[in-house]
Amino acid sequence: MMTGLLLARAGIAAVVLEKHADFLRDFRGDTIHPSSLTVLSELGLLDAFLERPHQKVRRVAVRIGGRDWPVGEFARLKRHPPYVALIPQWEFLDFLVGAARRWPGFRILMETEAEALVEDGGTVAGVRATGPEGPVEIRAPLTVAADGRHSRLREAAGLPLEDLGAPIDVLWMRVPRSDDQPAEPLAIAGAGRFLVLIWRDTYWQCAYVIPKGGFDDIRAQGLGAFRSGLRALAPFLGENVGAIGAWDDVKLLTVRVERLRRWHRPGFLAIGDAAHAMSPVGGVGINLAIQDAVAAANLLAEPLTHGRPDEAALAAVQKRRDWPARMVQRAQVAAHERIIAPVLASRTEPSVPWALRLFDAVPPLRLLPALAIGVGLRPEHVKSPEATPRSPAASPR
């Protein structure tokens, strides 16, 4: 959606395909980090965005042994908004569509699912899709695959994929939040358990980390035992865990960390999770995808005004964004193997890592995790041009 917005803003016709009829479904990537908020600010959209219902997170902490250990403080950031905005992704997507429609070149086709690539002499020339009225073919000088970690277009393009492995999966669920409970995200590590609670005003978005392939064993123990385990790890949840009334309320995310060795071929480019599937560690996936979109528009807007970008232009996008993605994945794999997996395998309370003790003793050091998580490596800034909008007074609301 961000790619479509930026290209339309640059005066280039852009068509976004969305296979569902609306955005009203439960996403997990609901954290808009300072790097992405900076992009919205550069587009003149931040104030309107912040009018949408959201929560601001200024710090994150880990609870071990009943004590909270600060990890990162976004409030210490100086050059970016000093917080992470929590907003349902359907709300964010709706906002971006409203903003993109200010430019006449933007089109979004709802209930239209891309199913195959159109090939012309070894060059990708568009997509074949199915819409509300049946099959449709869309021709374009560039096809951007932003269809996630299970990308059908990536598979159709035949690009080589490298699997880095992940020893964990994640169970997602909602638990109502009471007013007397904490009002900030919290990770809780206990004996054999690891839980992340994302504060969403009236409820907690819960990420319960489990060993890879362990969901069947958890189900076999029964829903009551599962709820009791959550309550033992986070006692303040109390009877609110009863809102998990059936296993249908618990969604399994099979964690995959993988990346394309090459993101492109003539007429085709993959970005976001389609190019580099991320672990939920750090909640950075959506923000890396937005950075990919900004880089793609910065580098491809001018070539697109002359027709199909050549391979060198597409390769420049990967060259710009591949290193940050690789470094994040390397950090995520290390967190899986050195922190989370040992906690899940242990039958005793985890000890407090020296890094947490250091952050606790020297508060200014909490800026470092805030920069790593909230801003990241090689943050992008909007450099693509701006064409005349459809209506200067139009509101992105």
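Author: A salt bridge is a side-chain nitrogen of Lys or Arg within 4 Å of a carboxyl oxygen of Asp or Glu. This is a predicted model, where local features need pLDDT of at least 70, side-chain atom pairs count only at pLDDT 80 or more, and totals for chains, interfaces and linings use all residues. Residues are numbered from 1 along each chain as its sequence is written, and side-chain values use heavy atoms, with hydrogens and water left out.

Reader: What makes Arg366 and Glu73 a salt bridge?

Author: Their side chains meet at 2.6 Å, N to O, and the cut-off is 4 Å, so the pair qualifies. Arg366 sits in the loop between H10 and helix H11 (367-375) and Glu73 in strand S5 (residues 67-73), so the pair ties together parts 293 residues apart in sequence. Helices here are DSSP runs (H or I, at least four residues), as are strands (E, at least two), numbered from the N terminus.

Reader: Are Arg366 and Glu73 buried or exposed?

Author: Both Arg366 and Glu73 are buried. Buried means under 20% relative accessible area, exposed means over 50%, and partly exposed is in between (1.4 Å probe, protein chains only).

Reader: Why is Glu258 called buried, and why is Arg256 called partly exposed?

Author: Glu258 has 3% relative accessibility, so it counts as buried. Arg256 comes to 25%, so it counts as partly exposed. The side chains of these two meet in a salt bridge too (2.9 Å, N to O).

Reader: How many salt bridges are there by this rule?

Author: The count comes to 22. One of them joins Glu91 to Arg52, with the closest N and O atoms 2.6 Å apart. Glu91 lies in helix H4 (residues 89-100) and Arg52 in the loop between helix H3 (46-49) and S3, so this pair ties together parts 39 residues apart in sequence. Glu91 and Arg52 are both buried.

Reader: Why do strand S2 and strand S3 stand at the edges?

Author: The open sheet has 3 strands in the order S2-S6-S3, with antiparallel pairing. Strand S2 (31-32) and strand S3 (55-57) each have a single partner strand, so one side of each is left without a neighbour in the sheet.

Reader: How do you know that S3 and S6 pair?

Author: Two strands pair if DSSP finds at least two bridges between them. S3 and strand S6 (residues 84-86) are joined by 3 bridges and run antiparallel. In that pairing, Gln55 stands opposite Leu86 in S6.

Reader: What makes a set of residues a nonpolar core?

Author: The members are buried Ala, Val, Leu, Ile, Met, Phe, Trp, Tyr and Cys residues joined through side-chain atoms within 4.5 Å. The largest such core has 64 residues, and Leu40 and Phe49 have the most contacts inside it. Helix H8 (residues 285-304) gives the most to this core, with 9 residues. Apart from it lies another core, of 56 residues, among them Trp199 and Phe226.

Reader: Which residues does Leu40 touch?

Author: Leaving out residues up to four places away in sequence, Leu40 touches Met2, Leu45, Leu46, Phe49, Phe92, Phe95 and Leu96. Touching is a contact, meaning heavy atoms within 4.5 Å.

Reader: Why is the chain called as compact as a globular protein of that length?

Author: The radius of gyration is taken over C-alpha atoms, and the globule rule is 2.2 Å times the number of residues to the power 0.38. The chain has 22 Å, close to the 21 Å that the rule gives for 397 residues, so it is as compact as a globular protein of that length.
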